[in-house]
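Work through the exercises below with the sequence and the model side by side, and try each task before reading its solution.

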Amino acid sequence: MIFADHAATTPVRREALEAMWPYLTGAFGNPSSTHGVGDEAARALADARRRVATVIGCRPGDVVFTSGGTEADNLAILGLALANPRGRHVVTSRVEHEAVLGAADALARLHGFEVGFAEVDAFGAVRPEALARVIRPDTALVSIQLANNEVGTVNDVAALARIAREAGALVHTDAVQAAGWLPLSLDALGVDALSLAGHKVGAPKGTGALVVRGRLPLEPVLHGGGQERGRRSGTENVAGAVAFATALELAEAERADAAARVGAASARFRDLVATAVPGAVPTGDPDRRLPGTVAYVFPGLSGEALLLELERRGVVVSSGSACAAGSDDPSHVLTAMGFAPEVAQTAVRFSFGPGSDEADAAAAAEHLAEAVSAVGRIVG
């Protein structure tokens, strides 16, 4: 099997499993408890927080452990916008993950906010001038993703953040897809908050973090016992936090080598597809993109049939966001980029992982050509 759906989820690293095991067995205590077993859990949680902070280049107190990227996005957008008295206007883009768009919609529906959308170009990127056109003196928060989950386009978040800061707005970036591929630093990116998900870097699903500057007021989404410095109530998932910190450390240590190796494999894949499947239309920025993500639309064919044909040949891919799987609606990312709905429904995304190589890419390209030929015969 060629697993080319790493943007949806990654295999759990053995090191992460081994790191979390003690906190699922003997060291099972509640980190809020004051006895010895609780203290042991609390120390492990504090160490995991410190390790995440080291990777991101922030203070440990800036790390809020969450159940994943969706919760982190919601906490950032709802929490920062509601706690910031500057204004009731937020800015995002129409190609963001559904978690960002849903949280912005909740601000509008439930709290009287107005949502402005920075237009994207044909590659799905938000350019600085597009953000400058929509930002206002009363903009409380700007949320623009670092890398797109469907087409792999990478935004110049540092440039966008400078524009937002000049206007006095806070800045959040969804960095879920970027972790393990791009450098992550609050200061270098110029952002106030950054979302991460463990299962994109080899930790179990249900783990992640929002990194948010501790000086900022943040209205919690979950209320209760005041864990995570009052920012996210609920008994912490100590084992999950330890696994997440372990996987994130490893992904960062391997990042440069993995990006170069997988980037070369992806380039080989694109070259082969361009020759063998001339009807495949690439999507996303050809230059500023994640190393492992290569996406296409196939006008005139059935995207669903292509996915099934590829899986029959042992190649596992997806049509885009796993969070929208099962929906008949065309990709909101592709339609925002200007693709017609019927073309957007033909999308197929290949997302290679750290273990992928040029042999995998060549085999995937060969199987794609075969699948396109088979589906074409059915359609024809």
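The exercises that follow deal with two sheets, a pair of helices and the cavities.

The model is predicted, so local features need pLDDT of at least 70 and side-chain atom pairs count only at pLDDT 80 or more, while totals for chains, interfaces and linings use all residues. Residues are numbered from 1 along each chain as its sequence is written, and side-chain values use heavy atoms, with hydrogens and water left out.

**Exercise 1. Establish the strand order of the sheet of seven strands, and explain why one side of β2 and of β4 is left without a neighbour.**

Begin with the elements, which are DSSP runs numbered from the N terminus (helices are H or I with at least four residues, strands are E with at least two). Two strands pair if DSSP finds at least two bridges between them, and on this basis the open sheet reads β2-β8-β7-β6-β5-β3-β4, with mixed pairing. Because β2 (63-66) and β4 (114-118) stand at the edges with a single partner strand each, one side of each has no neighbour in the sheet. Neighbouring strands are turned by 20 degrees against each other on average, direction ignored.

Next, look at one pair in detail: β3 (residues 89-93) joins β4 in the parallel sense over five bridges, and Val-91 stands opposite Gly-116 in β4.

Finally, add the helices, taking contact as heavy atoms within 4.5 Å. Angles run from 0 to 180 degrees between N-to-C directions, with axes as lines fitted to C-alpha atoms, for helices over the stretch in contact. Helix α2 (residues 36-56) lies across β2, β7 (193-197) and β8 (208-212), at about 115 degrees to β2, whereas α4 (residues 98-111) lies across β3, β4, β5 (139-143) and β6 (170-174), at about 155 degrees to β3.

**Exercise 2. At what angle do α3 and α4 pack, and how far apart are their axes?**

Helix α3 (residues 69-83) packs against α4 at an angle of about 35 degrees, and the axes are 8 Å apart. Among the residues that make the contact are Ile-77 and Leu-78 of α3 and Ala-103 and Leu-107 of α4. By class, the contact divides into 10 nonpolar, three polar and one charged residue; here Ala, Val, Leu, Ile, Met, Phe, Trp, Tyr, Cys and Pro count as nonpolar, Asp, Glu, Lys and Arg as charged, and the others, Gly among them, as polar.

**Exercise 3. Which strands form the open sheet of three strands, and in what order?**

The order is β9-β10-β12, with antiparallel pairing. As β9 (281-283) and β12 (348-351) stand at the edges, each has a single partner strand. Between β9 and β10 (residues 293-297) there are three bridges, and Val-281 stands opposite Val-297 in β10. Helix α8 (residues 238-276) packs on this sheet, touching β10 and β12, and its direction makes about 20 degrees with that of β10.

**Exercise 4. Which residues lie closest to the centre of the largest cavity?**

Of the 11 lining residues (those with an atom within 4 Å of a point of the cavity, which is a set of points on a 1 Å grid over the protein atoms alone where a 1.4 Å probe fits but cannot get out), the closest to the centre are Glu-150, Ala-295, Ser-319, Leu-334 and Ala-347. Strands β10 and β12 each supply at least two residues of the lining.

Note on methods: On a 1 Å grid over the protein atoms alone, a cavity is a set of points where a 1.4 Å probe fits but cannot get out, and a pocket is an open set with protein on both sides within 12 Å along at least five of seven lines; lining residues have an atom within 4 Å of a point.
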